[in-house]
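This report concerns the domain organisation of one protein chain and the contact between its parts. Please consult the sequence and structure shown here.

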Amino acid sequence: MELKQTPLHTIHKEMGAKMVPFGGWDMPVQYTGIIQEHLTTRSAAGLFDVSHMGEIFVTGNEADVLSFLESVTCNTITGMKVGQVQYNAVVNENGGLVDDITVYKFSDSKYMICSNASNYPAVTKHLETYKKGNVTVVDDSKNWHQIALQGPKADEIFSKYLGKDLSSILYYHFEEMNWKGETIIVSRTGYTGEDGFEIYTSNTLGVNIWKDLLEIGKDFGLVPVGLGARDTLRLEAKYPLYGHELNAEWTPVESGINFIVKEKPAPYLGYTRIIADKKNGPKRKVVGIRLLEPGVLRENFPIFSADGKEIGKSTSGTHSPSRKESLGLAILDTEFAKNQMEVFVEIRGQKKLAKVETGAFIQGSVRNNR
């Protein structure tokens, strides 16, 4: 199947980016090097092409829209304020995840769902299947461009570019603003553990903003960043990735995003299983893990207890540029998913000592508090 291309595809190649397939898209994995791009995002700022993400709009009668969204997600939509962004998940009948999402509230009758690149067609289909009443679901992804500006200097760079103070945009909130003749969406969100913005525009304007930001950001140390550093950054921040920590079989409690699971007056899809996990504790769950011996943690490495019992597997892993050690995420039997518990990871036939780490791997400019 032919890979999709974002509007920045030609520019990535002109900039010398190494391109790789990702979720059906041809995407830049790195420009100058993963470690350099990672550390620059942590110390200054990085610019990411995330136009492969999906934008799905849900509109209609206020009561019908709210009832519908509550019935297909595990976090509570009721009580969201206009201009607020919420981390949430679309769940299936079995209590697994169709996708983890962010929900943007524009009004009581208009919401936007930002969905992962490989999943937004499935999310749209799922929403269409379960919608009731006066509700319209529109996948408008092809008409939206999205870039992410992340890092401790992101606010300074973007404020200078727009010529306005952005302190009114709080963490996990957004504003619509007029820029270059169109209404754009700017949210203080991201996937790195750092402060920053995700910028939604038309495709043409998005390409121009990308160029402008790289130019104006030179004095601040801004660099373009590929998927390689995006992955190492999100792992240090302990953010899950669909297909690794999240999937159609595991509940959000098992997947380590227990904090978005809420009880609701009207049950949502998979409610009984999800709430049972929430109340009783799951048999297994995703936690952080770091190697104490030489080696690099990758996904699907078997993990054992001290007495040799297989107790789970790694779901993601990397060599952390910030901590200079190998770390990642793993799904473990709950009795072993305790902070500082010693476990063993099998790497190429050798069992390496590791420790479970339930706390933060890094303290970025935004705490891991979605």
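The text below treats the domains, an annotated segment, and then the interface.

The model is a predicted one. Its protein chain is divided into domain 1, which comprises 8–51 + 142–236, and domain 2, which spans 283–369. The centres of domain 1 and domain 2, taken over C-alpha atoms, lie 29 Å apart.

An unreviewed UniProt entry lists residues 284–358 as "domain: Aminomethyltransferase C-terminal". Over residues 284–358 the chain is 60% strand and 0% helix, and 14 Å separate the end C-alpha atoms of that segment.

The interface between the two domains is summarised in the table.

| Quantity for domain 1 and domain 2 | Value |
|---|---|
| Residues of domain 1 in contact with domain 2 | 14 residues |
| Residues of domain 2 in contact with domain 1 | 17 residues |
| Area buried between domain 1 and domain 2 | about 1,200 Å² |
| Share of the buried area on carbon and sulfur atoms | 62% |

On the side of domain 1, the residues that lose the most area to domain 2 are Y171, L235 and E236, which together account for 49% of what that side buries.

Which polar interactions are found across this interface? Six residue pairs are in polar contact across the interface of domain 1 and domain 2, both residues being at pLDDT 80 or more, whereas the count of salt bridges between the domains is zero. Helix 2 (34–43) and helix 7 (227–236) are the elements that give two or more residues to the side of domain 1 touching domain 2. By residue class, that side of domain 1 divides into five nonpolar, four polar and five charged residues.

Methods: Residues are numbered from 1 along each chain as its sequence is written. This is a predicted model: local features need pLDDT of at least 70, side-chain atom pairs count only at pLDDT 80 or more; totals for chains, interfaces and linings use all residues. Side-chain values use heavy atoms; hydrogens and water are left out. UniProt positions are given in the numbering used here, feature names are shortened, and annotations may be inferred rather than shown by experiment. Helices (H or I, at least four residues) and strands (E, at least two) are DSSP runs, numbered from the N terminus. Domain bounds come from an automatic or database domain assignment. Contact means heavy atoms within 4.5 Å. Buried area is the accessible area (1.4 Å probe) that two parts lose on being put together, summed over both. A salt bridge is a side-chain nitrogen of Lys or Arg within 4 Å of a carboxyl oxygen of Asp or Glu. A polar contact is a pair of N or O atoms within 3.5 Å; within protein, one must be able to donate a hydrogen and the other to accept it, and residues adjacent in sequence count only if both atoms are side-chain atoms. Ala, Val, Leu, Ile, Met, Phe, Trp, Tyr, Cys and Pro count as nonpolar, Asp, Glu, Lys and Arg as charged, and the others, Gly among them, as polar.
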